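Welcome, and please open the structure in your viewer. We will go from stop to stop, selecting a few residues each time.

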Amino acid sequence: MQHLDVRVLEQALAWADEGQSLWLCTVLSTFGSAPRSPGAMLVATQSGAHCGSLSGGCVEEEFLQALGRGEHAAPAQVVSYGRTAEERSRLQLPCGGSLDVLVEHRGPTPEWKAHLNKLLDAIRGQHRLTRIIELESGLFSSRRYADGADAVARRGSRLEISLGPALRLLLAGMSPVAQACGQFAKALGFEVIACDPREEAAEMPIEGVPLIPLLPSLYIANGGCHAATAVVALTHDPKIDDLALMEAVHTPAFYIGAMGSKRTSEKRAERLRRIGGLSSTDVGRLHMPIGLDIGSRTPAEIALSVMADVLRVYRGKARTAL
């Protein structure tokens, strides 16, 4: 899931707390080319105020127009977009794509607000869960996620939608490369967290990303990583980088990497074994040198190679398959 979906649920809860009814939309499936994956969300009110994205623009506009016409009054229903040639042309879905969307119309009840809080906890990294929506009755509930469960499953009139943590990029220390990485990551939909206690870190701001004046290793040790977290150490300062790596290998983070030449990386690996007490398995989890070898030279080019490698690992693609 993307950090945009965190903002969707935060906005949904804010509107519910104000006593507003709202429509929560969730992408169930896509066919052909689609800008957003199953699980992507959008929330809207009767006035047309909305947050989130389903397709990058065309489907959102169609949905909001339907709300204005008084449609989608049922508590829960599945709406299809782009199934016909006329719809694909009118909605301008790319490459003949289409998508199915769960549309829920919910009032600001205590039960609904409690449900939204559970969803927020899940995608903020507290735990994973599965939503259960009964299409005929509109009833909703949740249960603990079962390993291996599909992201979206439909069993008759019942929908099961699994939610996990939103993608997170932890910048373990600030540098020009880290600054560029954070900017790329935000554009890719990551939640970006920057940790660095040094005074010079404040001179490298990233718009919309607060700087936590704390050693990254301490932030990680206090639960800052979940299974959808990428940790990147890009400072060339062993006091920052090495300590962060030593803590990160004991978390479920899916990517842990540090910047440096091949020779620097070899020295760091030896140092982490000798001083940090890391095993060969621990060191094997580290991406050193970090990033894809695309001949990067400038901070922006290095950041591009780093984020490309993070996405490669997240998508389960081997380097040899590139």
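What follows is a walk through two sheets, some helices, a pair of cysteines and a proline. Keep in mind that this is a predicted model.

**Stop 1: the four-stranded sheet**

Begin with strands S7, S6, S9 and S8, which form an open sheet in that order, with antiparallel pairing. Colour residues 140-144 for S7 and 152-155 for S8: these are the edge strands, and each pairs on one side only. Turn the view to follow the twist, which averages 20° from one strand to the next.

Now add residues 129-134, strand S6, which pairs with S7 in the antiparallel sense over five bridges. To see a facing pair, select Ile-133 and look across to Phe-140 in S7, which stands opposite.

**Stop 2: the six-stranded sheet**

Next, bring up a second open sheet, of six strands, in the order S12-S11-S10-S13-S14-S15 and with parallel pairing. S12 (211-212) and S15 stand at the edges with a single partner strand each, so one side of each has no neighbour in the sheet.

Within this sheet, select residues 168-172 for S10 and 229-233 for S13; the two strands pair in the parallel sense over four bridges. Label Arg-168, then look for Thr-229, its bridge partner in S13. In general, the strands of a sheet pair through backbone hydrogen bonds, either parallel or antiparallel.

**Stop 3: helix H8**

Select residues 262-274 to show helix H8. Its 13 residues should span 18 Å at 1.5 Å a residue, and the end C-alpha atoms are indeed 18 Å apart, which agrees. Highlight Ser-265, Arg-268, Ala-269 and Leu-272, which are buried. If you look down the axis of H8, the buried residues fall within an arc of 105°, so they line one face of the helix.

What do the buried residues of H8 pack against? Their partners are helix H7 (238-248), strand S14 (255-258), helix H9 (280-284) and strand S15 (286-287). Rotate to the face turned away from the buried side, and you will find the exposed residues Arg-263 and Arg-274.

**Stop 4: helix H2**

Move to residues 58-68, helix H2, and pick out its buried residues: Val-59, Glu-60, Glu-62, Phe-63, Ala-66 and Leu-67. Seen down the axis of H2, they fall within an arc of 165°, so they too line one face of the helix. Then step to Gly-70, just after H2, which takes a positive phi of about 85°.

**Stop 5: two cysteines**

How many disulfides does a search of the whole structure find? The search finds zero. Select Cys-25 and Cys-51 to see why: the sulfur of Cys-25 is 12 Å from the closest cysteine sulfur, in Cys-51, too far for a bond. The same holds from the other end, since the cysteine sulfur closest to that of Cys-51 is in Cys-25, 12 Å away. Are these two cysteines buried or exposed? Cys-25 counts as buried at 0% relative accessibility, and Cys-51 counts as buried at 17%.

**Stop 6: Pro-176**

Finish at helix H5 (residues 176-187), where Pro-176 is found. With a relative accessible area of 48%, Pro-176 is partly exposed. Show Met-204 and Pro-299 as well: leaving aside neighbours within four places in sequence, Pro-176 is in contact with both. Pro-176 and Pro-299 are 123 residues apart along the chain, yet their C-alpha atoms are separated by 6.0 Å.

Notes: Residues are numbered from 1 along each chain as its sequence is written. This is a predicted model: local features need pLDDT of at least 70, side-chain atom pairs count only at pLDDT 80 or more; totals for chains, interfaces and linings use all residues. Side-chain values use heavy atoms; hydrogens and water are left out. Two strands pair if DSSP finds at least two bridges between them. Axes are lines fitted to C-alpha atoms, for helices over the stretch in contact, and angles run from 0 to 180 degrees between N-to-C directions. A disulfide is a pair of cysteine sulfur atoms within 2.5 Å. Buried means under 20% relative accessible area, exposed over 50%, partly exposed in between (1.4 Å probe, protein chains only). Contact means heavy atoms within 4.5 Å. The expected span of a helix is 1.5 Å times one less than its number of residues. The arc is that of the directions from the helix axis to the C-beta atoms.
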